[in-house]
Amino acid sequence: MGVGQTLDALKAVAKNDPEKRAALLATRDMKNAVTEFCRLSTEYGCPLNAMDLIDYGESSYAAMRRSTNGGGENSPLLFYEDDAYEIFLAELRELDDSEA
C-alpha cells in the first residue's frame with residue numbers, strides 16, 4: 001500500500017473514532033511530531049514511517065510544480081503544500097469542525 005492509500009485508510013479510522021482523531025491531532029504539539037504521528041498510524045493499522053511521509057509530500061508537490069508554469073523552478077513554494085503531515089492534520093481538523 002502506498003503512502004496516499006495509507007493516509008486515506010488512516011483518515012477513515014480517524015473519521016470513525018474521535019479519540020484516535022484527537023490523538024493524531026495532538027501529535028502536532030509534540031517534540032517529534034511526525035515520528036509520533038507515524039507510530040500512532042502504525043498502531044492504528046496503517047503502517048507509515050517518517051521518511052516515506054516526508055518523501056510523499058515532497059514528491060507530490062514536485063509533480064504539481066512540474067504540471068504548472070512549464071515546470072519552472074521559479075514557482076513560489078505554496079504554504080505547506082509539500083508537507084503531507086500538515087495537510088493531513090488540516091483534513092482532520094475539518095472533520096472536527098464539521099461535527100461541531
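In this predicted model, Arg21 counts as buried because its relative accessibility is 2%, which falls under the 20% taken as the limit for a buried residue. The residue belongs to helix α2, which covers residues 18-26. A polar atom of the Arg21 side chain lies 3.5 Å from the backbone oxygen of Lys15, and Lys15 itself falls within helix α1, which spans residues 3-16.

The wider setting of this arginine is a helical one, for the protein chain contains 5 helices and 0 strands, and its elements, read from the N terminus, follow the order α-α-α-α-α. Of the 100 residues in the chain, 30% count as buried. The accessible surface of the protein chain amounts to about 6,300 Å², and 51% of this surface belongs to carbon and sulfur atoms. When contacts between residues at least 6 apart in sequence are considered, 57% of them join residues that are at least 24 apart.

Nonpolar side chains in soluble globular proteins tend to be buried together. In the present model, the largest nonpolar core comprises 20 residues, among which Leu7, Leu24, Phe37, Leu53 and Leu92 touch the most other members. Helices α1, α2, α3 and α5 each supply at least two residues of this core, and the most is given by α5, with 6 residues. For Leu7, leaving aside residues up to four places away in sequence, the residues touched are Phe37, Leu48, Leu53, Tyr56, Ala84 and Phe88; Phe37 and Leu53 thus appear both among the residues touched by Leu7 and among the core residues that touch the most other members.

Helix α3, formed by residues 33-43, contains the buried residues Ala33, Glu36, Phe37, Cys38, Leu40 and Ser41. Just after this helix, Gly45 adopts a positive phi of about 90°. Two cysteines in this part of the chain were also examined: Cys38 counts as buried because its relative accessibility is 4%, and Cys46 is likewise buried, since its relative accessible area is 4%. A search of the whole structure nevertheless finds 0 disulfides, so no pair of cysteine sulfur atoms, including that of Cys38 and Cys46, lies within the 2.5 Å that a disulfide requires.

Methods: Residues are numbered from 1 along each chain as its sequence is written. This is a predicted model: local features need pLDDT of at least 70, side-chain atom pairs count only at pLDDT 80 or more; totals for chains, interfaces and linings use all residues. Side-chain values use heavy atoms; hydrogens and water are left out. Helices (H or I, at least four residues) and strands (E, at least two) are DSSP runs, numbered from the N terminus. Buried means under 20% relative accessible area, exposed over 50%, partly exposed in between (1.4 Å probe, protein chains only). A polar contact is a pair of N or O atoms within 3.5 Å; within protein, one must be able to donate a hydrogen and the other to accept it, and residues adjacent in sequence count only if both atoms are side-chain atoms. Contact means heavy atoms within 4.5 Å. Accessible areas come from the Shrake-Rupley method with a 1.4 Å probe; for residues, only the protein chains shown count as cover. A nonpolar core is a set of buried Ala, Val, Leu, Ile, Met, Phe, Trp, Tyr and Cys residues joined through side-chain atoms within 4.5 Å.
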